[in-house]
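Here's a quick walk through a model, written for someone who likes to know the cut-offs. Have a look at the sequence and structure first, and then we'll start with one helix.

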Amino acid sequence: MAADRADWQSGENDSNRSFQNIDILPLLALRGMLVFPYMTVPLDVGRERSVSALEDAMMNDRLIVLAAQKEARDVDPDPDSIHSVGTLAEVKQLAKVSEGTIRILVEGLARVQIREYVQNDPHFKVRVSVVDEVGCVDAETEALMRTALQHFEEYVRLNRKTPPEILVSVSSIEEPGRLADDIASHLSLRVDEKQAILECLSPKRRLEKVCALLMKEIEILELERKIHTRVRKQMEKTQREYYLREQLKAIQSELGDKDERAQEVADLRAKVEQLGMPPDVYEKAQKEIDRLERMPPMVAEAVVVRNYLDWLISYPWNVKTEDGLDIREAERILNEDHYGLEKVKERILEYLSVRQLTKKIRGPILCFVGPPGVGKTSLGKSIARALGRKFVRFSLGGVRDEAEIRGHRRTYVGAMPGKIIQAMKQAGTSNPVILLDEVDKLSSDFRGDPSSALLEVLDPEQNCNFGDNYMEVNVDLSDVMFITTANVLFNIPHALRDRMEIIRIPGYTEEDKVHIALQHLLPDQLEQNGLKRGDVAIGEKSIREIIRKYTRESGVRELERQIATVLRKAAKEIVSGAKRPIRVVPSNISKFLGIPIYRYGVMEEADRVGVATGLAWTEVGGEILSIEVSVMHGKGQLSLTGKLGDVMKESAQAGFSYIRSRAETLGVDPDFHEKCDVHIHVPEGSIPKDGPSAGIAMATALISALTQRPVRRDVAMTGEITLRGRILPIGGLKEKVLAAHRSGIRTVVIPAENVKDTEEIPDNIKREMQFVAVDHMDEVLSVALRGFDEARTERPGDSDMLPVVENPTEQPPSAALHI
């Protein structure tokens, strides 16, 4: 005790004192503690109300009521915040510790029930009644007492904070209630748990509660001991390993050997010296090696540092392949691997030519845009082969995390560099050809936008200092030739599209597919199916039949599958004993492939009134389109059917208005729009159609129906019409002309401004076709309508109209036909 023993005021203890006449006593509220009967404990008293209650008790017979507060934080409690069951205690000693604080020694005498508060100021005074604990000790009570003593002995054995001497005093107690109180006072219980025992007035019930609490405490102590034992064993193991390693180091030092850790660090330093890293990367690597050397071997951070150093060392900082600058050899390789695609081949040869003239040139960033199956990915492999560079491809389809491109920071568990750094490591050189496939199918979510991360990668001005989050050093990507592929452009963000050189790869024409099938697909499939050239006889006509009636695609994947099907069935016949070669001709192609899947367009059988032949562009090539017009008595209603898009409907309206404005000149009843209903229909109504280039075909069919002049069946036409009858240019002319040629049509009416586009048409097709270039609708009618001999009227000026050139590759995604 802090107070001097001489300052204590002592009082005699009268153990035979009777409490029956006790009625009103001062109350001392206890915070965060509780006093049981027969307990002797010291208390520090400092609150004014508590000091006043203590002074009142000292002036009388030293008796005071001790009751616990419900909330220990309550500095000035009221009667409702004090428990109603407390302990009657006697102040045994009192000493002043400091100014305002008194330390007392109190002894609990008995339980009391607070009946009422008779005074609140300057201190609490309460009317109490003493709880008598009278009862015989039966067999059940005796058993509870023994059980409580056994559990308490186990508790003392496990809890080192409780001295064993307490067992002697506790074992001598014969009263059950006092035994329960004494044991509870030595347990590490919360105040509310002790209060529940204090409020339990039945000795037997009190013993049951104490036994339950003892069992709970014993279970907790056993768990603590197990945890402590496990931790101690781990520490002992760690210390043992440390001492053994120190001894091993000492032995190796005596023998002149280096330990594994030192050898590993030395090997890392040697590799870093040999790689010829840039200065900033070299400095970073040395710092990380120093960190690794200072770390204990078993630290988790050492694994992270070691992995990081592995990535720094495995990156090809100064490793390059020599570009094959032989133009003729590169051209031979490109032609050997791919048919057509002249623009792409020309661009690669241009790059090689400039590379010969200058030592340093930034790697081009190309974007191949085209429908599926036209060879965009395989073209990237051919480019790498022609240049003599390593080739790496990874797909961006479905990538939605920015860290896939830039990598994760090293603070994350399992962090890795992004796909760009991984591709460079895979290539093993700093100037590979990297193909980013499906760049138009990138996604984004809460983890970031990977397309924004690609802005730095695909910018020649920035990728010389590309920053990967994991590498933490700048990486030079300026020597890398990046190639991206996409099916459509409108899904690529504008900022990303602006950084790439767009090269459009249109769908293959029928002629292209025939050459590809005969030169590439057929030999490959013969080899894959174990056949030789003489085992199967399949010619150009059979290939055309397969293309026309069993495939409808822009590329050649389905064509390859159909050829493989034919060869498998031929292989089966050969194995079954059929005579070689197995002949595949158009007349028996259905034997191998079944009934035709697709309808092949043919021209009309005869010249018809109100039926004109238009031309359409699709992703799988060109198509001919029959446009039908019916004129009936009615009220001037114009109906458009065939699943037409808004642009195509507007084009029909423009043609309708042109005819109304030129009705007399064209020999049409000027009031036809009031007396007749007009119905324009484009067959194959399940296929969406859109675009302005069917304008002249719809206008021709409508004029034919109104004048009863038939339209020539051997003439196809394409072009956009204006309200003044001008013909504007269109796109996809090559595919449309090839569709007309396949259908047997040899005369095609085209806008005059599209004459330059005929250069893209193969010469063998162009020699068989007659192109009629027109500027005005009157010229179209002179060619297309039988008996149309009206004098061509003077055309209006066109200074107020701007030509519109449509682009077939930027077709709306929902449309199947672009007219």
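In helix α4, the buried residues are Pro176, Gly177, Leu179, Ala180, Asp181, Ile183, Ala184 and Ser185. That is 8 of the 10 residues in α4 (residues 176-185), so the helix is largely enclosed by the rest of the structure. "Buried" here means under 20% relative accessible area, "exposed" means over 50%, and "partly exposed" is in between (1.4 Å probe, protein chains only). Helices (H or I, at least four residues) and strands (E, at least two) are DSSP runs, numbered from the N terminus.

Some housekeeping: this is a predicted model, where local features need pLDDT of at least 70, side-chain atom pairs count only at pLDDT 80 or more, and totals for chains, interfaces and linings use all residues. Residues are numbered from 1 along each chain as its sequence is written, and side-chain values use heavy atoms, with hydrogens and water left out.

**Overall picture**

The protein has 27 helices and 26 strands, and 48% of its 819 residues are buried. Taking contacts (heavy atoms within 4.5 Å) with a separation of 6 or more, 74% are between residues 24 or more positions apart. The accessible surface comes to about 41,300 Å², with carbon and sulfur atoms contributing 48% of that; areas come from the Shrake-Rupley method with a 1.4 Å probe, and for residues only the protein chains shown count as cover.

How many disulfides are there? Counting pairs of cysteine sulfur atoms within 2.5 Å, the total is 0. As for individual cysteines, Cys200 is buried at 10% relative accessible area, and Cys367 is buried at 0%.

**Two more helices**

Helix α25 (residues 733-742) is mostly covered, with 9 of its 10 residues buried. Among them are Lys734, Glu735, Lys736 and His741, along with Leu733 and Val737. Just after α25, Gly744 takes a positive phi of about 90°.

Helix α6 spans residues 203-255 and includes Met235. Together with Ile227 and Val231, Met235 forms a nonpolar patch on the surface, with about 270 Å² of accessible area for the three together. Patch members have over 30% relative accessible area and no salt bridge; like charges are joined within 9 Å, and nonpolar side chains (Val, Leu, Ile, Met, Phe, Trp, Tyr) within 5 Å. A salt bridge, in turn, is a side-chain nitrogen of Lys or Arg within 4 Å of a carboxyl oxygen of Asp or Glu. Met235 counts as partly exposed, at 48% relative accessibility. The spacing in the patch makes sense if you recall that an α-helix has 3.6 residues a turn, so residues three or four places apart point the same way.

**Strands around β5**

Strand β5 (residues 101-119) pairs with several strands, where pairing needs at least two DSSP bridges between them. Here are the partners:

| Partner of β5 | Sense | Bridges | One bridge pair |
|---|---|---|---|
| β2 (residues 40-45) | antiparallel | 6 bridges | Val41 and Val106 |
| β4 (residues 85-98) | antiparallel | 12 bridges | Lys96 and Ile102 |
| β6 (residues 125-130) | antiparallel | 6 bridges | Gln119 and Lys125 |

The hairpin of β4 and β5 has 2 residues between the strands, and Gly100 in that hairpin takes a positive phi near 90°. A hairpin also joins β5 to β6, this time through 5 residues. Pro122 sits in that β5-β6 loop, and the peptide bond from Asp121 to Pro122 is cis, with omega near 0°.

**Loops and backbone oddities**

Another cis peptide bond runs from Arg580 to Pro581, with omega near -5°. Pro581 lies in the loop between α19 (557-575) and β15 (582-584).

Which way does phi go for Tyr38, positive or negative? Phi is positive, about 70°, although Tyr38 is not a glycine. Tyr38 is in the loop between β1 (24-30) and β2, and is partly exposed at 44% relative accessibility. Arg62 also has a positive phi, near 65°, without being a glycine. Arg62 lies in the loop between α1 (48-59) and β3 (63-68), and is buried, with a relative accessible area of 16%.

Finally, Glu684 is in the loop between β19 (676-681) and β20 (689-690), partly exposed at 39% relative accessibility. Leaving out residues up to four places away in sequence, Glu684 touches Arg599 and Lys689. The C-alpha atoms of Glu684 and Ser626 are separated by 9.5 Å, with the two residues 58 apart along the chain.
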